[in-house]
Each structure stands twice: as C-alpha cells, then as structure tokens.
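Student: Could you take me through the salt bridges of this structure, slowly and with the terms explained?

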Amino acid sequence: MRIFVIAGTPGTGKTTVCEQISSKLRADGKSVTVLNLSEWIKEKKLFDEYDPHFDTYLIDEKKIRRAVESFIKEVSSSILIIESHTVDCIPKAAVDFVLVLSSRTDVLYDRLVARGYQKAKLDENMECEIMSVVLEEAVHRFGPKKVRQCPSNEMDDLEEILEIFMQEFNKI
Ligand code: DAT
C-alpha cells in the first residue's frame, strides 16, 4: 500500500484537496481510503481530554501513532491518504510523500472566522501558520525529500496542488 499525507494548519484546504485527489485517483480506477485524522480521533474517542478554552482535543501522540499503525494494517485499498495537522501522530516509516498546504494569513483568517472559531482557537491556529509549525514538524518527522509545501489560497491553486500530487504519485 502507498501512503500519502496531506498536512497543514486547519483551514488551509486539506479536506478540499483530499476530496480532489481521491476523486481523481478513483476516476483512474484506483482504490483509495481517506483518513481524516482529527475526525477519526474524535469518532473513536482516542483523545485524553477536551480543552474548552482552545476548543481542542488533547492527545497522546504515541497512543495515536499506535492506533494509526493498527488502522493501516486493516486498510484493504492500495492507496491511503491521511489528512492531518498533527503529523507527529503518523508512523513515519510507512509514508511515501507529504504535501503541506499553506495559506496567506489574510486568507486563512477569513476562512477560520467563517468557521466560527473563537479568539483563542483563531489566534492559536494563525500563530501555527505564521510560524510554519506543520511544515517544520513534517520536515523533521519525514525528512526534506518526502515533504513539499504548496500554497492554497485560491481556486486555481487547487489545480496546481493536484498536479504536484500526481507528479509525486507517478514518481514512486
Ligand atoms: P482544512 O481541511 O485544512 O481544515 P478545508 O478543506 O475545510 O480546510 O477548507 C477550508 C475552507 O477553505 C473551505 O470553505 C474550502 C476553502 N478552500 C480550501 N482550499 C481552498 C483554495 N485553494 N482556494 C479557495 N478556497 C479554498
């Protein structure tokens, strides 16, 4: 099985991009599983605590990594795409390629406000994007050769992201 990660601060477009990529791969006759990691953690109640101030779920990364490892063993499709803003929860050896989406602060701010994020959560995520936290963690975890950053501000960017993904997909 081939495993790809679509990473980025919340609001940068991971779900949108995963839908595009999985539709394209399925249209090409491939079997694809998409794992939205944060939704899955909530659904399976794998978090340790809920923090109401930041409206976020506190997790034990090691525990999640083990759960993801078990999930991977059960996937029957030939391609798994993991969507996540916490790349440290993903077992590194298994991953073929990581796309990190990034958005301009004005764009991301508007998206997160539209989502109804309250101040603490908004500030935390804006800071995460400004400091390139996800990119840094991804490079640290998977190594620079497996990681590529892509801007995700406008609809036109989506086409380019899909193209970049398919180039990497066809390389491996
Ligand atoms: P994420 O899954 O990273 O939280 P999302 O896919 O839900 O982000 O996207 C957040 C919002 O932004 C959603 O309304 C779709 C829109 N969006 C995402 N990527 C975009 C892009 N490249 N151009 C324009 N809008 C985009």
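Tutor: What follows is a close look at the salt bridges and the residues that form them. The model is a predicted one, in which local features need pLDDT of at least 70, side-chain atom pairs count only at pLDDT 80 or more, and totals for chains, interfaces and linings use all residues. Residues are numbered from 1 along each chain as its sequence is written, and side-chain values use heavy atoms, with hydrogens and water left out.

A salt bridge here is a side-chain nitrogen of Lys or Arg within 4 Å of a carboxyl oxygen of Asp or Glu, and by this rule the count comes to 7 salt bridges. Among them is the pair K63 and D48, whose closest N and O atoms are 2.8 Å apart. Because K63 lies in helix α3 (residues 61–74) and D48 in the loop between α2 and β3 (49–51), this pair ties together parts that are 15 residues apart in sequence. Helices (H or I, at least four residues) and strands (E, at least two) are DSSP runs, numbered from the N terminus.

K63 is partly exposed at 30% relative accessible area, and D48 is also counted as partly exposed, at 47%; the term covers what lies between buried (under 20%) and exposed (over 50%), with a 1.4 Å probe and protein chains only.

Another salt bridge joins the side chains of K42 and E39, at 3.5 Å from N to O. These two residues are 3 residues apart in helix α2 (residues 37–43), so they are separated by about one helical turn. K42 is partly exposed at 32%, and E39 is partly exposed at 41%.
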